[in-house]
Amino acid sequence: MIEITKIIEWDMGHRVPNHRSKCRNLHGHRYRMEMTISGKIIDKPGDSSEGMVLDFGDLKSTMMMKIHDTLDHGCMIYDQDLLLTGFFESCAHENLRVIKVPFIPTAENIAEWCFEQLCNSIPAGVKIVNIRLYETPNSWADYKPDGSID
Ligand SMILES: [Zn+2]
């Protein structure tokens with residue numbers, strides 16, 4: 001098996017409502033997601049993807065459609081965060097990009113959410129082995145779908 005990784009980035013707002021310090025504030029990050037998949041090299045002679053596990057272009061298209069285009073310049077809010085749910089309901093006519101989720105939008109939870117958005121869009125024969133979600137250049141979470149932490 002070979003592992004390959006593709007990276008995308010997007011800008012998004014969030015807050016951690018119960019946080020004891022500055023993460024309670026509504027703020028944003030340049031998020032970066034690295035998705036690593038594993039599979040066998042395609043050996044079908046003449047195939048467009050011969051010599052590849054999966055065409056990077058196809059991988060990027062899926063990641064952009066399922067993650068970037070849903071989240072970019074949006075605000076991810078916890079559905080129990082009454083401050084922000086109330087605020088965004090009060091300006092619903094503005095048609096802002098709000099992603100309401102049933103979890104606190106930490107890097108850890110967003111990484112798992114990204115996996116759930118992508119897992120059914122990966123072709124048969126390959127599997128996602130890691131989703132790395134950077135919240136800042138120095139802070140990230142790894143979600144490994146089989147639950148095995150190296
Ligand atoms: Zn933050």
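Reader: Which strands does H3 lie across, and at what angle to S5 does H3 run?

Author: This is a predicted model, so a word on rules: local features need pLDDT of at least 70, side-chain atom pairs count only at pLDDT 80 or more, and totals for chains, interfaces and linings use all residues. Helices (H or I, at least four residues) and strands (E, at least two) are DSSP runs numbered from the N terminus, while axes are lines fitted to C-alpha atoms, for helices over the stretch in contact, with angles from 0 to 180 degrees between N-to-C directions. H3 lies across S2, S4, S5 and S6, and its angle to S5 is about 145°.

Reader: Thanks! Which strands stand at the edges of the sheet?

Author: Residues are numbered from 1 along each chain as its sequence is written. The six strands form an open sheet with mixed pairing (at least two DSSP bridges between two strands), in the order S4-S3-S1-S2-S5-S6. Two strands have a single partner each, so one side of each lacks a neighbour in the sheet; these edge strands are S4 (98-101) and S6 (139-143).

Reader: What is the average twist from one strand to the next?

Author: The sheet in question is the open one of six strands. From one strand to the next, its twist averages 35°.

Reader: Which residue in S2 stands opposite Ile8?

Author: Strand S1 (residues 2-14) and S2 run antiparallel, joined by 13 bridges. Opposite Ile8, in S2, stands Met33.

Reader: Which helix supplies the largest share of the largest nonpolar core?

Author: In general, nonpolar side chains tend to be buried together in soluble globular proteins. A nonpolar core here is a set of buried Ala, Val, Leu, Ile, Met, Phe, Trp, Tyr and Cys residues joined through C-beta atoms within 7 Å. The largest one has 25 residues, with Met33, Met35 and Ile131 among those that have the most contacts inside it. Its largest share is five residues, from H3.

Reader: And Gly28: is it buried, partly exposed or exposed?

Author: Gly28 is found in strand S2 (residues 27-39), and beyond four places in sequence it is in contact (C-beta atoms, placed from the backbone, within 7 Å) with Asp11, Met12 and Gly13. A residue is buried with 20 or more other C-beta atoms within 10 Å of its own, exposed with 12 or fewer, and partly exposed in between. Because it has 13 such neighbours, Gly28 counts as partly exposed.

Note on methods:
Two residues are in contact if their C-beta atoms, placed from the backbone, lie within 7 Å.
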